[in-house]
Every structure is written in structure tokens, then in C-alpha cells.
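Here are a few notes from going through this one, mostly on charged pairs and a bit of surface. Have a look at the model alongside them.

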Amino acid sequence: MAETKMAAKGLVNKPAEKQSLSAVVAKFRELGLLAFIIVLSLLVQLRNPSFLTLENMNDMITNTAILSILAAGMMLVIITRGIDLSIGATLALSGMIAALTVNAFPEVNPLIAILLGTAVGLVCGIVLGFLIAKMGILPIIATLGMMNVFRGLTFMASGGKWVSAHQMPVSFKAIATGSIFGINTLIVIAVVIYIVFYYFINHTRTGRQIYAVGSNPESAKISGIRNDRILWLVYSIMGGLSGLAGVLWVSKFASAQGDTAMGYELSVIAACVLGGVSIAGGSGKVSGVILGSILLGILNNALPLINVSPFWQTGIQGSIILIAVITNALVKRGVDRNNLMRRNI
């Protein structure tokens, strides 16, 4: 009886030990990333004293806001072992439709334009989610195909033309240039989204189910989780955020073009990877994605300030991303090895 109780106790404690070890590793990984950001900022400041000025920091965070919004949605997608290569095209389509709408109806409320763009992105995400969750198409294939479809629809909607700044009302452009309590609107929107996401993935049943589906889809299905519904939800959320980002993008740059944000999905994925989101699924934290987005924003802002050649900037960013991927792989291997050694044989 005692051995049975001990065995039962061991079975209960093992998942807790595994979770505790993973949490400790993730914590130190984030602390390491934060330390790297601080050191990098100080080194750049030594080369260019204007880097840590209040004006430049505000510009850098504002420029990173849209990236961080998209990274939050991509985190959920990657956690479920998926990928979304269509977010740049979805962003362009949503932004174009919003721009065409405010061009045709200048008196329309900016909030209506935001809701319209978000709705367009949501529809795109729902279609993607249906193809992946219900039709069983691989995420990389479905999103790659729909990326071209959405990009084509953008050119069709605009007739191959683009909407410039003078064709947009001041109220629409003020979405990105305005402020709330002295803080840029883009930053406020990003902060609100991250607060909602933190609560959603950490304190709701659906949030825990997303991690379960990414960790072990078969076990999640056996336990009663509707994997298809979770996948559909995740890609719908990603689409909605892409639509929102499209409106914010067009408002910020006061321009809507058919090739807007082409290739931007790679930067979003890079921010997630830098933040410790595992490509293998089942692992990722909001705090890590924030740090990853900030690091990518620092690189985009700092490298030109220290006169790094544009030809080297992409290579440097790619090298840092590769180092982050290798580090995550080594950390995961170490965690798996420790978990294996803890098992009672």
C-alpha cells in the first residue's frame, strides 16, 4: 500500500517537476534576452548618443507597435504548431479596403474604418481556419496559397492604383498620430491587446487548450478538446489582428498600396522566435514575445543610426535570429534530457 501511494505521489509530482523546470528555463531565457537588449542599447548609445533620447525611444516603440500586435497573434498560431504566411497580404487587403472607404466617404468615423479593416481580416482568418481545421490542409500550404489570393484581391480592389496621403481625411491619419493621455495611440492599442492576451492564455480554459493542442494534439483530442475549433479560433484571431494592423499601417504611413507589408510576415515570425516561442509548438509566453518585438525594433532602429551598411543589416538580423533558434533548440534538448533522467525506471 505504501509503495502504491509513493508511486501515485510520484506520478502526480512528475508533471509539476517538468512544468517547474520548463518555467525556470523560460524565466532565465527571458532574463538573458532582457540583459542582451540592455547591453545592446548601451553599446549603440556609445556609438550614437541620440539613440536613448526620449524622442528616438518614442519613435522606436511606436514603429514596433504594429509588429508586436501581429506577433501576439502569431504566437498563438505557432503554439498550435502552425504558421501563417498570409498576414502581410491580409494586412494589405484590409488596409486598402479601409483606405478606399475613407477616400470615398471622408466623413466616416475613424472607428468605423478600424472595425471595417478588422472585419475584413477576420473573414480572411476564418477562411484560413476552415481550410486548415476542417479541410486538413497543412498550414504552410494553406497560408501560402491564400497569401497570393489576398494579395490579388488587394490589386483588384484598388485597380492597381494606390491611395495617397492627400486622398485620406485628417481624422483617419490621426489614428496613428494621435495620443491618449500623452501616449501614442498605436502604443496604447498594443498595450491593451497584450493585457487581453495575457489574461486569455493564462486564465481561461480556451487559453490552456491552445497550449494543450500544441503540446500534444493526440492527447488533447482524447481528453475531449476539439482541436479543429481551437485551430479555427487561432487563425481567426490572427486574421482579425492582421486586419487591425492593416488599418493602423495605412494610417501611420498615409499610403495604401498593393504591395504593402510584402514579406512582413517573416519579421513577425522572427519576433516570436526571438521571444522564445517554440516552432515545435506548445511553448511561448507573452512577455517573451514583447521582448522579441522590442529587440527586433531596436535592431531596425539602431543599425542605421550607427551607419551599418543596409547590405549588412539584414545579415546581422538573420544571424541573431539564427542564434536565438539554436539557443531555443539547445534549451529544449536540455529540458527533455533532464525530464528523461528524472523518470523512475
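1. Start with Leu34, which sits in helix H1, spanning residues 2–47. Bear in mind that this is a predicted model. Leu34 has a relative accessible area of 37%, so it counts as partly exposed.

2. Leu34 also belongs to a nonpolar patch on the surface, together with Phe28, Leu31, Ile38, Leu42 and Leu52. The patch covers about 570 Å².

3. On to the charges: there are three salt bridges in the structure. One of them pairs the side chains of Glu30 and Lys285, at 3.6 Å from N to O. That pair links distant parts of the chain, 255 residues apart: Glu30 is in helix H1, while Lys285 is in the loop between helix H11 (264–274) and helix H12 (286–305).

4. The two partners differ in burial. Glu30 is buried at 14% relative accessible area, whereas Lys285 is partly exposed at 37%.

5. Next, Lys134 and Asp228 form a salt bridge, with 2.8 Å between the closest N and O atoms. Lys134 lies in helix H4 (residues 110–134) and Asp228 in helix H10 (residues 227–253), so this bridge ties together parts 94 residues apart in sequence.

6. Asp228 has another partner, Arg226, whose side chain meets it in a salt bridge at 3.4 Å, N to O. Lys134, Arg226 and Asp228 are thus joined in a salt-bridge network. Within it, Asp228 is buried at 18% relative accessible area, while Lys134 is partly exposed at 38% and Arg226 is partly exposed at 42%.

Definitions and conventions: Residues numbered from 1 in each chain as written. Predicted model: local features only at pLDDT ≥ 70, side-chain atom pairs only at ≥ 80, totals over all residues. Heavy atoms only, no water. Patch = residues over 30% accessible without salt bridge, like charges linked within 9 Å, V, L, I, M, F, W, Y side chains within 5 Å. Areas by Shrake-Rupley, 256 points an atom, 1.4 Å probe, with all protein chains shown as cover. Salt bridge = Lys/Arg side-chain N within 4 Å of Asp/Glu carboxyl O. Helix = DSSP H or I, 4+ residues; strand = E, 2+ residues; numbered from the N terminus. Buried < 20%, exposed > 50% of the residue type's maximum accessible area, 1.4 Å probe, protein only.
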